[in-house]
Amino acid sequence: MWYLGSAAFWLVLGTSVGEYIGIKFVSPDADHISWLSFGRLRPVHTNMVFWGWSSMAMLGLGYYVVTTVSNTVVYSIKWGYYSLILMNAAIITGSGMLMAGINNGGGEYREYIWPVMTLFAGGIVLSLTNYIKTIAQRKTREIYISNWYIVSAMMFLTVIVTVGYLPFYQNGLGETIVQGYYMHQAVGMWFMFFNLGLVYYFLPQQLNTPIYSYSLGILAFWSQILFYTLIGTHHFIFSSIPWWLQTVAIVGSMGMLIPVFSGTTNFIMTFRGNFNKIGRSYTLPFYIVGILFYFTGSTQGTAEAFRETNLIWHFTDFTVAHSHLTMYGIIAFMLWACIYTIVPRLTGNEPKQGLVGAHFWLALIGLLFYTIPLMVGGTLKGIAWRDGKPFIDGVVLMTPYWLWRAIGGSLMWASHLVFAWNMYVMFSGHKSHPDIRKEVFEKLNTIPFNAEI
């Protein structure tokens, strides 16, 4: 509960920063304060939503899933709180330093300096150890696939952060290669891997049906480990890094179609016979949107990796649209689905369905208003660059598309305010141990003995 509450706070604050810098595309002279400049606020926004919102929500949900599918209690509650404190301390300290101009140079998504990231990494290692020790004392013989994904994601994150921050090989092209590795592995082997593990538990539980195919889940697991770890350098096609390394990244990007297709098929087939439930549920629409964006966003990433398409789209706003399509359309929607599934069960309080619907539609419509114009404008800008048009022509070209970006971002931000209110409603009047059985028997006792049920 504390993890999810912290995550909701960082989501609202982090996207408020994103809302402000989105407005700066339309009104670049909104302020002249160095601490509020685009170059400083942009990493505050990305790191806050990556490490504060997504990561904390994932870990909080992970503490529930790991213990539940292991049929045991968490190994150490204290370690969980220590991890929470370390991660919050990292985000508070890191955000302040970024606004003050103290950062890790040009490393995207690793702008926190190493002492700050060490705090965050310490929290991750504590929770990883906690998870493993919890699984070790499980009451079940097998380890359910959710725990495969969750523990693997945390193991990969420790490797990713270590590789991203060790200084030995980070000069010249070495830093470029490490940047591609760090940036892409953080998205695919941390956020995506962990969320897939959550969905493998929460979706079947919410549908009250088993996962369609355990084998497809295993195929997706191992093929993602095989291919995703190769694709970081597809962001640096036509750069000075070795041509063979660029080619390996393109081949790995093609290979990613295997886990994406198998994972999507698994989730959609789990819905088989249950699609009629979507209209009567306030959680299932979040699941189905997350799954659909998982397929489209991931397939789009493969399409961007080819040399011809990379030549047009890379370094344009198309990349910005793609990153939001994945981190927001997949990760955020899946997290919201899981949160709306479990928090009412933990607290005994449900949010108003109308407000959950408002959250859903504001977020979805806002995301579409944000991404589609940027994809169109980014494509036109890339074509203009290829044809040798001056850079400033691309800036002028993007003006109306940036307006749509600001409108879409505003709707997304508004949805987060609604989500925060829903969290408050679910958290308020918290019942630590809701007695569901008592309520069920009370209702059963009101039914006449000979009534048809």
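Student: Is Phe-202 buried or exposed?
Tutor: The model is predicted, with local features requiring pLDDT of at least 70 and side-chain atom pairs pLDDT 80 or more, while totals use all residues. Residues are numbered from 1 along each chain, and side-chain values use heavy atoms, without hydrogens or water. The relative accessible area of Phe-202 is 0%. Since the class called buried takes values under 20% (exposed is over 50%, partly exposed in between), Phe-202 is buried.

Student: In which helix does Phe-202 lie?
Tutor: Helices are DSSP runs of H or I with at least four residues, numbered from the N terminus. The run that spans residues 173-207 and holds Phe-202 is helix H6.

Student: Which residues does Phe-202 touch, leaving aside residues up to four places away in sequence?
Tutor: A contact requires heavy atoms within 4.5 Å. By sequence number, the partners of Phe-202 begin with Leu-61, Tyr-64 and Val-65. The list then continues with Tyr-287, Cys-338, Thr-341 and Ile-342.

Student: What separates the C-alpha atoms of Phe-202 and Met-334?
Tutor: Along the chain, Phe-202 and Met-334 are 132 residues apart. In space, the separation of their C-alpha atoms is 9.8 Å.

Student: How are helices H2 and H4 oriented relative to each other?
Tutor: Helix H2 covers residues 38-70 and helix H4 covers residues 114-136. Their axes, which are 9 Å apart, form an angle of about 10 degrees. Angles under 35 degrees count as roughly parallel. H2 and H4 are therefore roughly parallel.

Student: Which residues of H4 are met by residues of H2?
Tutor: H2 contributes Trp-51, Ser-55, Leu-59, Gly-62, Tyr-63, Val-66, Thr-67 and Ser-70. Facing them, H4 contributes Met-117, Phe-120, Ile-124, Ser-127, Asn-130, Tyr-131, Thr-134 and Ile-135.

Student: Which residue has its backbone oxygen 2.8 Å from a polar atom of the side chain of Thr-371?
Tutor: Thr-371 has its place in helix H13, residues 353-386, and is buried at 0% relative accessibility. Beyond four places in sequence, Thr-371 touches Ala-321, His-324 and Leu-325. The backbone oxygen lying 2.8 Å from a polar atom of its side chain belongs to Leu-367.

Student: How far from a polar atom of the side chain of Thr-316 does the backbone oxygen of Trp-313 lie?
Tutor: Thr-316 has its place in the loop between helix H11 (307-313) and helix H12 (317-347). At 5% relative accessibility, Thr-316 counts as buried. Not counting residues up to four places away in sequence, Thr-316 touches Gly-378, Lys-381, Gly-382 and Trp-385. The backbone oxygen of Trp-313 lies from that polar side-chain atom at 2.5 Å.

Key
Axes are lines fitted to C-alpha atoms, for helices over the stretch in contact, and angles run from 0 to 180 degrees between N-to-C directions. Helices (H or I, at least four residues) and strands (E, at least two) are DSSP runs, numbered from the N terminus. Angles under 35 degrees count as roughly parallel, over 145 as roughly antiparallel, 65 to 115 as roughly perpendicular and the rest as oblique. Buried means under 20% relative accessible area, exposed over 50%, partly exposed in between (1.4 Å probe, protein chains only). A polar contact is a pair of N or O atoms within 3.5 Å; within protein, one must be able to donate a hydrogen and the other to accept it, and residues adjacent in sequence count only if both atoms are side-chain atoms.
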